[in-house]
Amino acid sequence: MEINDMKELKWHVRMRSPSESRDMNKYCDFHRDHGHTTENCKALQREIEARIKRGLLSSYIGNDKRSRNDRGREKVPELQFPVCLFLAFQLSYLVVLVATRGSKNNTSKWQTLEGDSPLVIARGGFSGLFPDSGRYAYQLAVQVGLPSVVVWCDVQLTKDGDGICFPDLKLENGSDIDTIFEKRGNTYPVNGVDMTGWFSVDFTLHDLASVNLIQRIFSRAPNFDGPPQKILTVMDVVNFAQPPGLWLNVQHDAFFSQHNLNMRTFIISVSRRVVVNYISSPEVNFLRNINARFRKSPTKLIFQFLEHDDMEPSTNQTYKLLLRNFTFIKTFASGILVPKNYIWPDINLYLQPHTSVVSDAHKAGLEVFASNFVNDARLPYNYSYNPVAEYLNYIDNGDFSVDGVLSDFPITPSEAVDCFSHMGKNEREQVKLLVISSEGASGDYPGCTDKAYSKAISDGVDVLDCPVQMTNDGIAFCLGSINLKDRTNVDETQFSNLSTSNPDNIDGGIYAYSLTWSQIQSMLKPAIYNPYANFSIYRNPNAKNDGKFMQLSDFLSLASNASSVSGVLISIENAAYLAEKQGLAVIDAVLDALSKAGNNNQTAKKIMVTSSESAVLNKFKNSRNYELVYVVDEDIRDVTNSTILEIKKFASSVVITKKSVFPIDKAFLTLQTDVVSKFQAFGFHVYVQKFRNEFLSQPWDFFSDAYVEINTHVSFMKINGVITDFPATAAKYKRNRCLGYTNLPLYMSPVPPGGLLGLMERQNLPPAVAPYPVLSENDVVEPPLPPVVEKPPTTNTGNGSIAPASVPTPRNGQPTIVASMILSRIAVLATLLLC
């Protein structure tokens with residue numbers, strides 16, 4: 001499993017005990033030896049300075065030049081917005097910066113109230129990555145969002161009547177004020193309920209100058225907390241970020257009135273200095289009080305709905321009741337802001353039919369904005385963990401479109417609006433990329449079943465894969481693991497007593513070669529693979545045992561009849577063990593199936609044979625019809641030319657891991673390797689695995705957005721193909737219209753590896769990790785496969801099952817088969833101990 005332990009641990013902490021996770025956060029991550037080595041940035045600095053002189057970046061670079069020193073790192077000036085994150089790549093790799101980033105999707109009329117494209121509203125800026133309402137968050141949101149992006153500011157009033165942008169009434173929920181002013185907490189009634197905390201009404205703006213913003217969502221990275229992130233006034237946000245649109249949200253007008261602070265006066269004073277595009281509040285009285293002042297201005301007043309059963313303080317009605325009275329709301333507001341589940345409710349994370357909220361509000365002349373969009377949380381299973389799919393369901397579902405979405409990750413709805421909306425499956429491909437399935441659409445159905453393969457085909461996969469396993473009676477079939485425990489319900493059957501252990505005393509499994517095809521087909525069910533089950537992230541549980549197992553011959557027939565599929569990938573592992581210890585000739589079985597399927601002489605579909613065993617590929621190298629693909633199944637930082645020449649003797653393509661392209665340190669990209677370009681220089685196609693939609697599979701640099709991850713690998717590193725559990729995501733990426741623009745918008749530009757590290761304070765850097773190894777000839781060269789021995793005798797267990805033989809071992813002598821659940825738990829335990 002490609003899981004980053006620290007990132008998953010944070011999610012685990014958040015899910016187990018949200019109320020305690022901030023304390024645990026403080027203990028983790030900070031008490032360790034910090035330091036990291038990154039690439040030299042002098043060339044980048046010179047390019048940035050040159051562009052400043054040409055007037056291209058003058059509004060983006062700050063005047064203060066505070067430097068950081070780190071092991072092996074050059075001094076880098078602090079940037080006013082995170083230039084390293086996006087702009088560094090544009091400069092270093094000559095990607096054209098877009099001069100006009102306007103949406104070019106004008107071919108279809110939007111079903112919004114006015115027919116305009118939906119707004120992207122950045123809640124607290126880019127708060128999904130940086131501390132909410134901080135300088136970096138606002139500036140990055142403006143840089144990577146649509147040109148019409150609106151930044152959201154939750155307004156709180158200080159003791160001296162100034163307005164700050166802060167996401168919560170209690171300042172300790174997003175800052176370190178409780179450590180700066182330990183004894184200045186207080187208890188006040190808020191909407192009739194006593195609340196204890198640190199409140200802005202007890203501090204002047206001068207007091208708050210020493211307070212630092214921190215990440216308030218405990219499963220998100222705290223590495224950007226600290227001195228650069230200060231509490232900002234409303235005017236600071238306008239001056240620093242220069243947002244195209246400004247949205248002020250007033251959550252607690254009644255509370256501030258109790259402390260003799262006038263929110264109405266403040267809001268009106270701000271509106272006289274700058275254009276305020278939207279003002280929202282969940283309090284009816286506040287909006288009614290300012291309605292006359294803004295009736296003839298461009299400012300729109302928006303009534304914010306809280307949860308259904310919450311009580312609106314002015315009317316003493318629940319928001320559920322107010323939802324029935326749009327005529328009343330129209331008297332003081334021009335729109336409504338509702339939680340997204342008001343529109344698309346779900347039960348147990350499965351979507352229910354949409355409500356009539358949008359259409360009813362539009363009929364009443366009210367715009368509708370939806371809130372609570374984040375990338376790094378559970379999504380309804382209908383979206384296959386793809387946040388872009390969720391946005392599209394609100395803006396491009398054929399029945400209606402909301403007028404805007406409020407998001408912590410504004411880059412993702414920007415993509416949805418401009419790149420992916422109003423797309424059909426026949427949309428022209430904008431990039432050459434081979435989409436290869438990983439066990440079919442295994443993110444939606446149990447892998448290697450008829451349902452997973454059918455879904456992958458309908459999703460637009462190019463190459464359908466079959467990891468070949470052998471049964472006790474010599475039948476080749478498709479399954480993602482030789483261990484039946486990983487992909488079937490074998491533990492729930494009469495065969496559960498067949499579990500074996502390997503020489504290292506790690507609990508083993510029940511292996512495919514231990515049962516006959518008849519036993520597997522009639523007595524087992526497929527089981528969906530949940531790589532992040534330890535963190536309560538599951539895949540489509542309603543379909544967890546759906547589908548039927550498929551013999552290799554049936555798989556080949558299915559792929560052959562699918563006109564949209566350009567090829568198949570046959571994966572062969574453990575061939576030496578199966579031949580020598582089990583008397584099973586997997587290569588002969590594959591060749592026989594291909595021959596019977598008519599694939600030996602056909603050219604219509606590509607036949608790819610992959611293995612991490614060079615001896616296996618050597619058996620196929622005389623067959624000209626096959627593309628032989630060597631799997632480098634370990635993370636590497638480099639490969640020698642002599643090793644590539646050795647691989648070229650038996651393969652023309654390679655599969656490498658994502659970490660071999662972009663090494664990772666505690667869920668942050670550190671740099672990029674030359675592995676892809678080196679292989680391609682020798683004529684190899686390079687395919688990368690495994691791409692998944694779940695946000696836990698992605699480094700922070702990719703913003704919990706599968707499209708950002710894919711795009712960075714394709715546009716930046718020029719890989720030839722992706723191997724993915726979710727082929728629909730990769731297939732849709734190839735057709736997104738933004739890739740065809742003359743000027744590539746920043747929300748569809750690759751991110752620079754290591755860019756986030758340059759924005760961290762030294763004490764917040766992840767600890768340096770040991771470099772990955774270099775792939776050498778010794779890792780590749782293998783002896784020929786042993787002959788297939790006579791099948792060893794088997795023991796009847798008395799219940800119709802066959803006792804398994806020993807556990808296979810790879811060429812380095814270490815066990816191949818391990819219990820993934822046990823190891824993942826060991827990884828979590830080790831991380832907890834280190835913290």
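## Strand pairing and a helix contact in a predicted model

Strand E25 and strand E28 (residues 685-691) run parallel and are joined by 5 bridges. The model described here is predicted. Within this pair, Thr 657 has Gln 689 of E28 as its bridge partner. E25 also pairs with strand E23 (residues 626-631), again in the parallel sense, over 3 bridges; here Tyr 630 stands opposite Val 654 of E25.

E25 itself covers residues 653-657, and 5 of its 5 residues are buried. In a regular strand, side chains alternate between the two faces of the sheet. In E25, Ser 653, Val 655 and Thr 657 point one way, while Val 654 and Ile 656 point the other way, and all are buried.

A further pairing involves strands E4 (residues 186-190) and E5 (residues 193-197), which is antiparallel and spans 5 bridges. Thr 187 has Thr 196 in E5 as its bridge partner. The two strands E4 and E5 form a hairpin with 2 residues between them, and Asn 191 in the turn has a positive phi of about 50°.

The strand pairs are set out below.

| Strand pair | Sense | Bridges |
|---|---|---|
| E25 and E28 | parallel | 5 bridges |
| E23 and E25 | parallel | 3 bridges |
| E4 and E5 | antiparallel | 5 bridges |

Helices H15 (residues 387-395) and H16 (residues 411-420) pack at an angle of about 65°, their axes lying 9 Å apart. The crossing of H15 and H16 is right-handed. Residues of H15 in the contact include Tyr 391 and Leu 392, and those of H16 include Val 417 and Phe 420. The residues of this contact divide into 9 nonpolar, 1 polar and 1 charged.

Key: Residues numbered from 1 in each chain as written. Predicted model: local features only at pLDDT ≥ 70, side-chain atom pairs only at ≥ 80, totals over all residues. Heavy atoms only, no water. Pairing = 2+ DSSP bridges. Helix = DSSP H or I, 4+ residues; strand = E, 2+ residues; numbered from the N terminus. Axes fitted to C-alpha atoms, helices over the stretch in contact; angles between N-to-C directions. Left-handed = near helix turned anticlockwise from the far one by under 90°. Contact = heavy atoms within 4.5 Å. Nonpolar A, V, L, I, M, F, W, Y, C, P; charged D, E, K, R; others polar. Buried < 20%, exposed > 50% of the residue type's maximum accessible area, 1.4 Å probe, protein only.
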